[in-house]
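Trainee: Please take one part of this model and go through it closely with me, keeping each definition to a short clause.

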Amino acid sequence: MRLLCAVLMLAIGYLCYDIYVGRNGYVQYEQIAAQLKQAQARSTLLEQRNLAVQDELNDLKQGNAAIEELARSELGLIKEGETFYRVIGTQ
């Protein structure tokens, strides 16, 4: 009877260990869940970036106003006859 109890306790102990640490166990599940959360966050960030690039492309395809705005803001270009003023803030 003691031998049977000992064998059953060992079997229960092994099964508990296997459920927690073994293949497809709780520890591995938590690791995979964390990786999935990171991948979803990165995917959301990339989707937002893609939408911003797509919007900018659509603006550039539609007319010269967007191209002019981009040239002014990114390259600092001015039109002929315009005067450029640079405002320097005090510290």
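Mentor: Helix α2 gives the most to the negative surface patch, with three residues, where helices (H or I, at least four residues) are DSSP runs numbered from the N terminus. This is a predicted model, in which local features need pLDDT of at least 70 and side-chain atom pairs count only at pLDDT 80 or more, while totals for chains, interfaces and linings use all residues. Residues are numbered from 1 along each chain as its sequence is written, and side-chain values use heavy atoms, leaving out hydrogens and water.

The negative patch consists of Asp55, Glu56, Asp59, Glu69 and Glu74, and α2 (26-62) and α3 (64-75) each supply at least two of its residues. Patch members have over 30% relative accessible area and no salt bridge, with like charges joined within 9 Å and nonpolar side chains (Val, Leu, Ile, Met, Phe, Trp, Tyr) within 5 Å; a salt bridge needs a side-chain nitrogen of Lys or Arg within 4 Å of a carboxyl oxygen of Asp or Glu. Asp55, which lies in α2, is partly exposed at a relative accessible area of 46% (buried is under 20%, exposed over 50%, partly exposed in between, with a 1.4 Å probe and protein chains only).

Tyr29 is also found in α2 and counts as exposed at 56% relative accessibility. Together with Tyr17, Tyr20, Val21, Tyr26 and Val27, Tyr29 makes a nonpolar surface patch of about 640 Å², to which α1 and α2 are the elements that give two or more residues. In the loop between α1 (2-21) and α2 sits Asn24, which has a positive phi of about 60° although it is not a glycine, and which is exposed, with a relative accessible area of 62%.

Within α2, an unreviewed UniProt entry annotates residues 29-56 as "coiled-coil region", although such annotations may be inferred rather than shown by experiment. In the model the span 29-56 is 100% helix and 0% strand, and its end C-alpha atoms lie 41 Å apart.

Key: Accessible areas come from the Shrake-Rupley method with a 1.4 Å probe; for residues, only the protein chains shown count as cover. Lys and Arg count as positive and Asp and Glu as negative; His and the chain ends are not counted. The place of a charge is taken as NZ of Lys, CZ of Arg, CG of Asp or CD of Glu.
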